[in-house]
Amino acid sequence: MIKSDVSSIADRIRPQRIFALIVALFLLPLALVTYFEDSYLGERVATVRKERMGCEYIRALTLFLKHLQQDRGVSGALLSGDPLFKERQEKVAALLEGDIKAIDTADTAYGNYLHTTAKWDAIKKQFRALASEEKRLTPEESFNSHTKVIDEILSMTFHVWNTSGLIFD
């Protein structure tokens, strides 16, 4: 009986409609999977772009941090009375200026996305104040002032990790 009902229904439906129904049943899931996959990939591309911004910004911050740590050591030696470090300090000062320009460039490009501009401006101001008064400081004061700027850079690096999503990787 069921067989005859199915046969009678199949006899009434044209082969083109049966084929169209079968195609639709296969294409609908394929279309849904494609849509959701495309949506996921779009989100992932946006995440990767933000992470890349963070990497570029952190690269510039890391170089500045490295050169500031070198400056801390060289300045301590100079302020302790060792004139042999004068030339090295000039080289490190030039590297620091290059680092500041690199961070300024990164901040111009990514500061709005990573919310770093105010933090970077404060660090830069703190560094400029240190550089201008450094010759009048004792070795210990110089060390402490450098360390404060270094701590701020480390804090900003952590901020960039958070805002770019790199902390999740």
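## A quick tour: one helix, one ring cluster, one surface patch

Let's start with threonine 157, which sits in helix α5. Keep in mind that this is a predicted model. From that threonine we'll look along α5, then turn to some aromatic rings shared between helices α2 and α4, and finish with a nonpolar patch on the surface.

**Threonine 157 up close**

- Is threonine 157 buried or exposed? Its relative accessible area is 9%, and the cut-off for buried is under 20%, so threonine 157 counts as buried.
- Which residues does threonine 157 touch, once neighbours within four places in sequence are set aside? The contacts are Ile58 and Leu61.

**The helix around it**

- Helix α5 covers residues 139-164, which makes 26 residues.
- From first C-alpha to last, α5 reaches 37 Å, close to the 38 Å expected at 1.5 Å a residue.
- Threonine 157 has company on the buried list for α5, which includes Ser142, His146, Val149, Ile150, Ile153 and Met156.
- Further along α5, the buried residues also include His159, Val160, Thr163 and Ser164.
- Right after α5 comes glycine 165, with a positive phi near 85 degrees.

**Aromatic rings between α2 and α4**

- The model has 3 aromatic pairs in total.
- In one of them, phenylalanine 64 meets tryptophan 120: the ring centres are 5.7 Å apart and the planes stand at 85 degrees, so this pair is edge-to-face.
- That pair ties together distant parts of the chain, since phenylalanine 64 belongs to helix α2 and tryptophan 120 to helix α4 (residues 117-133), 56 residues apart.
- Phenylalanine 64 and tryptophan 120 are both buried.
- Phenylalanine 64 also pairs with phenylalanine 127, with ring centres 5.5 Å apart and planes at 75 degrees, so here too the pair is edge-to-face.
- This is another link between distant parts of the chain: phenylalanine 64 in α2 and phenylalanine 127 in α4 are 63 residues apart.
- Phenylalanine 127 is buried, just as phenylalanine 64 is.
- Put together, the ring pairs join Phe64, Trp120 and Phe127 into a cluster.

**Out on the surface**

- Which residues form the nonpolar patch on the surface? They are Phe19, Val23, Leu27 and Leu30, and together they have about 390 Å² of accessible area.
- Leucine 30, one of the patch members, is found in helix α2, which runs over residues 15-79.
- Helix α2 is also the home of phenylalanine 64 from the ring pairs above.

Definitions and conventions: Residues numbered from 1 in each chain as written. Predicted model: local features only at pLDDT ≥ 70, side-chain atom pairs only at ≥ 80, totals over all residues. Heavy atoms only, no water. Helix = DSSP H or I, 4+ residues; strand = E, 2+ residues; numbered from the N terminus. Expected span 1.5 Å × (residues − 1). Buried < 20%, exposed > 50% of the residue type's maximum accessible area, 1.4 Å probe, protein only. Contact = heavy atoms within 4.5 Å. Patch = residues over 30% accessible without salt bridge, like charges linked within 9 Å, V, L, I, M, F, W, Y side chains within 5 Å. Areas by Shrake-Rupley, 256 points an atom, 1.4 Å probe, with all protein chains shown as cover. Salt bridge = Lys/Arg side-chain N within 4 Å of Asp/Glu carboxyl O. Phe/Tyr/Trp six-rings, centres within 6.5 Å; stacked < 30°, edge-to-face > 60°.
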